[in-house]
Amino acid sequence: MTSSRHIPIFDGHNDVLLRLYRRGGTDAPRAFLEGEGKGQLDLPMARQGGFAGGLFAIFVPSANGAVGPNGEAPSQDVSSGAPLPPTVELMPAQRAVFAMVSLLLRIERESQGRIRVCRNVDDIQQGIEDGVLAPVLHIEGAEAIDPNFELLDVLYAAGLRSLGPVWSRSNAFGHGVPFLCPSSPDTGPGLTDLGKELIRACNRLSILIDLSHLNERGFWDVAAISKAPLVATHSNAHALSPHSRNLTDEQLTAIGETGGMVGVNLATSYLRPDGRQDADTPVDLVIEHLEHILSRVGEDGVGFGSDFDGAKIPAGIGNAAGLQNLVQVMRARGYGEPLIEKLCYRNWLRVLGQIWGRVRTP
């Protein structure tokens, strides 16, 4: 029956490479491929939940390792607005990036054809058709990129196709937002001159520019400079959850006007009006953000950016194995199968194809 079939889901953001990097050990690729009952994303979970592929983030942790990609710490809620970690220096950042790129390439090599790192939309489409997991390299925070952008060329050759200039800390390229709710995303200056050059370099290479984590002035700087559709890979609606990480209605409208894309984030911190990390958060909140963003961006510009392995997720989804629960909620709300397919993967393929160039339409 149509109502029970699995819909493939292409995901705008996950942090599994960071989790495996922190785990360590030469068996990290095997842990991902076989599963070990840890984290929110591995190959068995992906297959169970219809997770077909996505942007696999490389995030360089702070030196003390105490703060994760969404600002969480063992005794700290993101709504507390605690100070952000210090800027990461170039060489340590590059070492971490090389390690995580290597990790993904080793996972591909040891997968016996079950995983193929993708460099264009045809690769992703073929992976979906073949039932092969389709990861794409993404960098969250450009601390590893040198001022001459030499490493950017090298990483592009290795498969990098998506980049967020900043995480929620300042770097040579711009300024991110603090983890604070309630808070406006208008928190300070935007891109630096070097950051503006990075946007132009990404345009030249057809690398997706991720607006998630940028403050509002940085967002508008990208909008003024970039020739590509505006994309926020894992952000929600500020009107529903007044967290500085979320997008205002004006930002959402601008994304829609460029034919861009928003990946709805499953992190409870960005779903809830109170900004709390709480697994006891209804999945219906995901749909409320989805519908609000649909009303501003349109049905061709919304998908999902899970934040798996980087955030607390509603218990009704839990991990990648539970993604079809989200599909069932959409069906229960009367969404037709063509719209569900758009939201789950076709919209991502459309915007990635527009940014990267494509040969055929899926």
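**Exercise 1. Find which residues of H7 meet which residues of H8, and sort them by class.**

Solution. Start on the H7 side: Lys-196, Ile-199, Arg-200 and Asn-203 meet Asp-221, Val-222 and Ile-225 of H8, where contact means heavy atoms within 4.5 Å. Next, sort by class: this contact has 3 nonpolar, 1 polar and 3 charged residues. Here Ala, Val, Leu, Ile, Met, Phe, Trp, Tyr, Cys and Pro count as nonpolar, Asp, Glu, Lys and Arg as charged, and the others, Gly among them, as polar.

A word on the input: this is a predicted model, in which local features need pLDDT of at least 70 and side-chain atom pairs count only at pLDDT 80 or more, while totals for chains, interfaces and linings use all residues. Residues are numbered from 1 along each chain as its sequence is written, and side-chain values use heavy atoms, with hydrogens and water left out.

**Exercise 2. Describe how the axes of H7 and H8 are arranged.**

Solution. The two axes come within 10 Å and cross at roughly 45°. H7 and H8 are therefore oblique to each other (angles under 35 degrees count as roughly parallel, over 145 as roughly antiparallel, 65 to 115 as roughly perpendicular and the rest as oblique).

**Exercise 3. Now do the same for H8 and H9.**

Solution. Helix H8 (residues 216-225) packs against helix H9 (residues 249-257) at an angle of about 20°, with the axes 12 Å apart. That makes H8 roughly parallel to H9. For the residues, Glu-216, Phe-219 and Trp-220 in H8 meet Glu-250, Gln-251, Ala-254 and Ile-255 in H9.

Definitions and conventions. Axes are lines fitted to C-alpha atoms, for helices over the stretch in contact, and angles run from 0 to 180 degrees between N-to-C directions. Helices (H or I, at least four residues) and strands (E, at least two) are DSSP runs, numbered from the N terminus.
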